[in-house]
Amino acid sequence: MKRAVYPGSFDPVTFGHLDVIRRASEMFDVLVVSVLNNKVKSPLFSVEERVKILKEATKEIPNVQVDSFSGLLINYAADHNMHVAVRGLRAITDFEYELQIAQTNRKLSKGALDTVFLTTSLEYAYLSSSSVKEIASFGGDISECVPEFVAKLMKEKYRASVL
């Protein structure tokens with residue numbers, strides 16, 4: 001059985017993420033989308049909220065599982081018997097950053113973890129969670145960036161932070 005992990009912050013999950021998830025789910029028997037508990041970032045949504053959101057957003061894709069992790073991806077992958085990480089690329093700047101991480105993971109895992117890169121579909125190449133959060137924080141329309149239920153959750157979060 002071919003299993004892969006798609007790690008990320010997913011704060012929030014965007015249509016770009018979902019594009020990569022759909023396409024990667026067709027390549028592997030099981031795709032585990034795992035939310036990184038990144039202690040460096042200050043997320044809009046908690047890890048638990050992001051897991052719940054991803055489960056809702058991927059409920060129609062039967063071979064996708066959603067999880068979370070802290071620490072090194074290589075340890076998480078080894079603990080869950082996964083040897084492939086999936087990463088999405090939007091631009092050359094993503095590639096340079098992601099290539100370095102992929103090479104580091106391969107080296108630290110002694111060759112046990114490879115990375116597969118999927119280029120984001122052109123219609124989503126402009127999307128980033130950071131830009132979506134910025135647009136939403138100013139009350140902008142993010143309906144073309146995230147699923148409707150995610151847009152509503154973001155609006156509630158930003159409304160609550162103003163009060």
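Two residues are said to be in contact when heavy atoms of one lie within 4.5 Å of heavy atoms of the other. With that cut-off, and leaving aside residues up to four places away in sequence, A102 touches T115 and F117. The structure described here is a predicted model, and the values below are computed from it.

## Overall fold

The protein chain has 6 helices and 5 strands, and these elements follow one another along the sequence in the pattern β-α-β-α-β-α-β-α-β-α-α. The chain therefore begins with a strand and ends with two helices in succession. For 163 residues, a compact globule would be expected to have a radius of gyration near 15 Å, and the 16 Å found for the protein chain agrees with that expectation. Taken along the principal axes, the C-alpha atoms of the chain fill a box of roughly 50 × 30 × 30 Å.

Of the contacts in the protein chain with a separation of 6 or more, 76% are accounted for by residues 24 or more positions apart. Buried residues make up 45% of the 163 residues, while the accessible surface of the chain comes to about 9,400 Å², with 54% of that area belonging to carbon and sulfur atoms. As for charge, the chain carries 20 positive and 20 negative charges, and the mean positions of the two sets are 5 Å apart.

## Helix α4 and its surroundings

Helix α4 spans residues 92-108 and includes N105, and both A102 and Q100 are also found in this helix. A102 has a relative accessible area of 10% and is therefore buried, since the limit for that class is under 20%. The C-alpha atoms of A102 and T115, which are 13 residues apart along the chain, are separated by 5.8 Å, and T115 is one of the two residues named above as touching A102.

Q100 offers a useful counterpart, because its relative accessible area of 54% makes it exposed, the limit for that class being over 50%. The C-alpha atoms of Q100 and L113 are likewise 13 residues apart along the chain, yet they are separated by 14 Å.

N105, at 12% relative accessibility, counts as buried. Beyond residues up to four places away in sequence, N105 touches L73, I74 and L113, and L113 is thus the residue whose C-alpha atom lies 14 Å from that of Q100.

## A buried serine in a loop

Outside the helices, S128 has its place in the loop between β5 (114-119) and α5 (129-137). At 18% relative accessibility S128 counts as buried, because the class takes in values under 20%. Once residues up to four places away in sequence are set aside, S128 touches T14 and R90.

## Salt bridges

The structure holds 8 salt bridges, and three of them are set out here with the separation of their closest nitrogen and oxygen atoms.

| Pair | N to O distance |
|---|---|
| K157 and E49 | 3.1 Å |
| K59 and E56 | 2.8 Å |
| E148 and K152 | 3.4 Å |

The bridge between K157 and E49 links distant parts of the chain, since K157 belongs to helix α6 (residues 148-162) and E49 to helix α2 (residues 47-57), with their positions 108 residues apart. K157 is partly exposed at 26% relative accessibility, and E49 is partly exposed as well, with a relative accessible area of 30%.

The bridge between E148 and K152 is of a local kind, for both residues lie in helix α6, 4 residues apart, which is about one turn of the helix. E148 is exposed, with a relative accessible area of 60%, whereas K152 counts as partly exposed at 48%.

In the remaining pair of the table, the side chains of K59 and E56 meet at 2.8 Å, N to O. K59, at 53% relative accessibility, counts as exposed, while E56 is partly exposed with a relative accessible area of 36%.

Key: Residues numbered from 1 in each chain as written. Predicted model: local features only at pLDDT ≥ 70, side-chain atom pairs only at ≥ 80, totals over all residues. Heavy atoms only, no water. Rg over C-alpha atoms; globule rule 2.2 N^0.38 Å. Buried < 20%, exposed > 50% of the residue type's maximum accessible area, 1.4 Å probe, protein only. Areas by Shrake-Rupley, 256 points an atom, 1.4 Å probe, with all protein chains shown as cover. Lys, Arg positive; Asp, Glu negative; His and termini not counted. Charge placed at Lys NZ, Arg CZ, Asp CG, Glu CD. Salt bridge = Lys/Arg side-chain N within 4 Å of Asp/Glu carboxyl O.
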